[in-house]
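Colleague: Before I rely on any of the terms used for this model, I would like to hear what stands behind each of them. Could we go through them one at a time?

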Amino acid sequence: MMKQPYNLSRRAFLVSGTAAAGLGALPGQSFAQGERVFRLGALNSITGIGGPYGPYMLEAIKLAVAEVNAAGGAAGRKFQLFAEDDQTKPEAAVLAVKKLVEINKVEAVVGIWASSVGLATMPITNDANLITMNTCGAPEMLTENKKGLAWMFQASNAIFGNAFAEVARRRGFKRPAVMAFNNSTFVGQANYFKSAWEANGGKVSAFVIYEPNQSSYRTELARVLASKPDVISLSAYRPDATIILKEWYQSGQDCKFIMPGWTANEDLVKALGKEATEGLISISNVAAEQHPAFKRFAAEFKTITKREPDIFAAQCYDMVITLALALEAAGAQADVAAINGQIRTVTGTGGTKANSFVEGRDILRKGQKVDYDGASSRLEFGKHGETVPDFGVFDIQDGRLVLKETIPGQLPA
Amino acid sequence: MDWISIANAVINGVVIGMLLALPALAITLVFGIARFPNAATGDYMTLGAYTTIASQMFLGGSIVVAVLGAMTMTAAISLLMYFWVFRALAERSHVSRLIASIGVAFAVRSTITFFAGQDQYVVDLPLVRAWNFGGIRILPTDLYIVGAALIALLLVFCVMYLTPTGRRMRAIADSPELAAASGIRARRVMIFLWAVAGAFCGLGGALLGIKAVVLPELGWELLMPMFAGVILGGIGSPVGAVLGIVTFSIAQEVASLFVGPAYKVVLAFLILLCVLLLRPQGMFGRPIAAR
Amino acid sequence: MEGYLIAISISVLIYLLMASGLALQYGFTGLVNFGHVGFFAIGSYTSALLALKGVPIPVSLAAATALAALAAYPLGMISLRLGGDYLAIVTLGFSEAVRMTLQTEEWLTRGMHGLPGIPRLFAGWVDPRMIDFCIFLLLLAVCAVVFLLIHHIIRSPFGRVIEAIRDNEVAVRALGKNPAQFKTRSLMIGAGIAGLAGGLQAHYLTFISPEQYVPLITFYIWIALVLGGVGSLRGVVIGTVLLVGFLEGSRFLRDVFTGVSEVQLASVRIWIIGMALICVVLYRPQGLFGKSSRRSN
């Protein structure tokens with residue numbers, strides 16, 4: 001049975017459109033004359049394919065900005081936020097980022113979601129010497145990060161694909177199949193899954209890349225199910241995952257699914273019901289649930305948006321806090337390069353652990369080293385600005401995500 | 001490919017085809033009588049799907065009421081747009097009506113997203129398993145969908161071929177000048193046409209919402225395959241539209257077993273080209289000369 | 001500030017190039033091309049792929065123009081058999097087929113991963129901060145040349161024939177001219193211009209991916225034409241400036257409507273475009289600033 005909590009979804013119907021509006025007037029945006037602010041750009045995919053995630057990423061950014069400003073700013077500088085919609089389109093993103101750079105004179109751009117947007121805007125932000133923070137998964141982001149100004153808060157799809165294969169192996173599956181949404185992130189994930197699996201002498205029973213925006217994926221799914229897989233690595237967004245899982249459930253064929261955490265979560269359960277989502281394996285950056293930074297963030301996020309934050313929202317929150325701590329560490333007079341230099345320092349191992357901006361700031365003020373562990377991951381940046389998080393492996397049981405184990409993220413050999 | 005996969009693909013094609021037959025019929029009727037390809041068709045479907053969701057949320061769960069509500073809503077909007085836009089453009093070029101219909105499509109969709117946002121919605125219905133006949137799978141929900149579509153189609157065909165309004169409609173489709181000369185008042189026919197076109201898009205959208213998920217681009221994404229199906233059947237031919245879109249959907253599903261999903265669209269385009277080059281009047285249409 | 005204005009101007013000029021191609025096809029020949037973005041995409045990918053292989057950019061741009069024009073040839077042959085609405089659907093299908101092919105043929109196009117690191121125009125020739133300005137100047141020059149070319153074409157005997165085709169094809173045929181040949185040529189020239197625009201955009205953005213070539217771009221160009229009024233180059237310029245001005249200007253709408261969320265603002269933007277289309281077609285068929293139309297049809 002698919003039970004939908006009416007009051008909740010009715011709320012969602014309005015919230016997604018309007019409640020977000022309440023924050024339109026950007027909190028804490030009043031600044032005293034002559035106060036030196038840090039001008040922060042948010043470039044989110046509000047519309048387009050990123051539509052289900054972008055608006056909430058912006059909310060998370062606003063929330064973090066409010067937190068920093070409520071604490072009196074970083075190194076005495078309050079954050080002033082300028083938000084733009086990139087429409088999940090590279091060419092719209094180019095103009096949006098130019099506007100942020102030229103008109104708003106921002107010093108950093110956070111919240112970039114799509115790899116295509118990240119790759120298209122990188123030449124501009126690099127030319128302008130801006131710090132950028134994104135959730136892009138394309139490995140090309142690392143090679144194009146020529147000035148070391150870009151920070152990838154999401155694991156690259158190579159790491160994700162590897163983790164999926166590792167989970168399949170640990171769970172003892174023998175015949176995995178791969179199904180993926182046709183975009184660069186998911187095709188990458190699918191390819192890395194395949195190569196990681198085959199590197200250990202296994203074979204992938206079926207490999208299907210499907211076109212998005214269809215009303216039925218039955219034929220594609222049938223193609224996968226015909227190979228009698230015991231598990232399907234499904235790299236999908238929520239709309240297509242909803243249809244595919246619905247059709248899989250209806251088919252009555254038994255198999256498991258391994259899916260990314262930003263798709264296999266409570267929202268998916270809400271859309272499909274408990275029965276069809278029972279036993280799905282959901283993989284996401286470990287942090288969620290137990291971590292204090294996440295708990296606090298999730299609670300605040302929930303009071304504003306009436307829903308659980310997804311991993312992208314958590315990452316966006318971390319971007320702002322990380323930036324604020326780096327600014328605090330570099331001092332009020334620091335330029336962008338100096339602030340950028342501190343990002344690795346305030347997140348790297350060896351410092352005193354901090355879970356919020358105020359905690360981290362107080363540690364810094366005592367003259368100690370700080371290690372910010374964020375709401376999305378422990379945030380240890382590699383040499384190209386990439387994060388290699390540990391992954392939490394969750395099973396969906398009776399409509400809830402239950403953590404089963406934690407596996408270390410690693411790059412494919 | 002074994003024959004069971006092919007059979008399942010065919011069944012899936014039939015279900016999608018029957019579902020799309022409703023808006024396809026709307027396209028072909030509008031094309032035949034109001035004489036332009038209506039680009040707002042897809043977004044009328046989207047409107048139908050969202051009305052279903054809204055009605056379930058705010059009025060309670062009955063799916064039948066929700067679907068009927070969706071049909072009423074889209075019929076009303078379709079009539080409104082006729083009275084405001086398309087009636088005034090009746091004497092102008094096809095292209096001006098086509099462009100205006102793109103404007104209508106944008107306006108309808110953005111109004112929906114303004115209130116509902118960009119995230120997905122699902123129609124609240126229990127999930128049921130398919131009946132399995134030795135690997136051939138048939139879904140009870142699909143049977144309802146095909147049944148609803150069939151009843152709606154039968155009703156319209158009865159009206160078109162058995163009632164005076166239907167006769168007038170066909171007369172205008174055949175030759176507007178002749179129809180006008182023999183004293184047929186176009187106004188009543190037009191009202192009937194736009195109401196039916198709207199209601200059918202609404203029904204198609206609602207059924208699609210039940211089958212899939214409800215997103216702002218739901219109908220817009222289907223315009224291309226629907227036009228291709230209509231052309232395949234012969235533009236302006238109601239029976240052709242239904243058979244055309246069903247054939248087309250089956251072809252797409254079966255083809256995706258062999259050529260890979262991405263080439264569905266390319267295949268659609270190739271079919272369309274071949275039909276237009278070899279038999280421009282389509283499977284059932286009257287020959288239409290180049291203007 | 002200047003940098004942003006230059007970026008917007010570049011956007012205007014790229015759209016303007018595309019729109020002038022469409023103006024030739026529709027405004028002057030009456031060809032209802034709804035697949036303009038397909039030629040744009042062919043141009044982008046051709047030039048980008050060649051340049052990535054080390055071909056000098058001027059050569060790759062020329063190839064982009066030529067290939068886009070060639071791709072229009074078969075469509076032109078079909079247009080000889082089809083009326084306006086059919087051509088609209090066929091060309092729309094064509095552009096989608098192009099996009100799907102770009103998306104699927106990974107060995108050539110890297111599929112959905114897109115092509116990063118496309119050589120920039122003027123890179124290494126001028127100071128990096130001046131590159132955008134130089135691209136702007138180049139586009140300005142290209143637009144000027146294309147406008148002169150179109151102006152020349154419509155004044156030539158060829159131009160008089162294509163305008164006659166638009167107005168009354170039967171009469172043209174009665175004069176012993178073959179309309180199909182003229183239509184094909186007009187379609188090819190317009191497609192070539194779109195291909196050139198695509199190539200230039202690729203070398204400006206330095207990253208392209210199939211998602212950029214959706215039918216919405218075609219519709220934008222149509223909207224520009226309709227706003228400005230078809231059948232005059234002045235209208236094309238006005239329409240394009242209005243369109244890009246609005247698309248970009250609506251970013252600043254937020255400063256006016258502070259109570260509106262980002263999601264809603266995006267909806268409002270599309271809504272205004274839709275309403276503008278309806279109202280212009282209804283009440284100002286000659287375009288917002290056009291003189292009253294010669295053609296009633």
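Modeller: Let us begin with the word domain, whose bounds come from an automatic or database domain assignment. For chain A of this predicted model, that assignment gives domain 1 as 6-154 + 290-372 and domain 2 as 157-285 + 390-408.

Colleague: How do you know that domain 1 and domain 2 of chain A touch, and how far apart do their C-alpha centres lie?

Modeller: The C-alpha centres are 29 Å apart, but contact is judged residue by residue, with C-beta atoms required to lie within 7 Å. Ten residues from domain 1 of chain A and 13 residues from domain 2 of chain A take part in the contact. On the domain 1 side, α4 (115-127) and α13 (311-330) of chain A each supply at least two residues, and that side divides into five nonpolar, three polar and two charged residues.

Colleague: What makes α9(C) a mostly covered helix?

Modeller: A residue is called buried if 20 or more other C-beta atoms lie within 10 Å of its own, and 24 of the 27 residues of α9(C) are buried, so the helix is described as mostly covered. By the same definition, buried residues make up 64% of the 413 residues in chain A.

Colleague: How does the reach of α9(C) compare with the span expected at 1.5 Å a residue?

Modeller: The expected span is 1.5 Å times one less than the number of residues; for α9(C), residues 179-205, the expectation is 39 Å, and the helix reaches 39 Å from its first C-alpha to its last, so the two are close. Just after α9(C), C:Thr206 takes a positive phi of about 65 degrees.

Colleague: Which handedness does the crossing of α1(B) and α10(B) have, and at what angle do these helices pack?

Modeller: The crossing is right-handed. Helix α1 (residues 3-33) and helix α10 (residues 238-258) of chain B pack at about 145 degrees, with their axes 6 Å apart, and the angle can exceed a right angle because angles run from 0 to 180 degrees between N-to-C directions. Their contact has 21 nonpolar, seven polar and one charged residues.

Colleague: How many residues of chain C are in contact with chain B, and which element gives the largest share?

Modeller: With the 7 Å cut-off again, 38 residues of chain C are in contact with 42 residues of chain B. The largest share of the chain C side, 15 residues, comes from α4(C), and that side divides into 25 nonpolar, ten polar and three charged residues.

Key
Residues numbered from 1 in each chain as written. Chains lettered and ligands numbered in written order. Predicted model: local features only at pLDDT ≥ 70, side-chain atom pairs only at ≥ 80, totals over all residues. Contact = placed C-beta atoms within 7 Å. Helix = DSSP H or I, 4+ residues; strand = E, 2+ residues; numbered from the N terminus. Nonpolar A, V, L, I, M, F, W, Y, C, P; charged D, E, K, R; others polar. Left-handed = near helix turned anticlockwise from the far one by under 90°. Buried ≥ 20, exposed ≤ 12 C-beta atoms within 10 Å, placed from the backbone.
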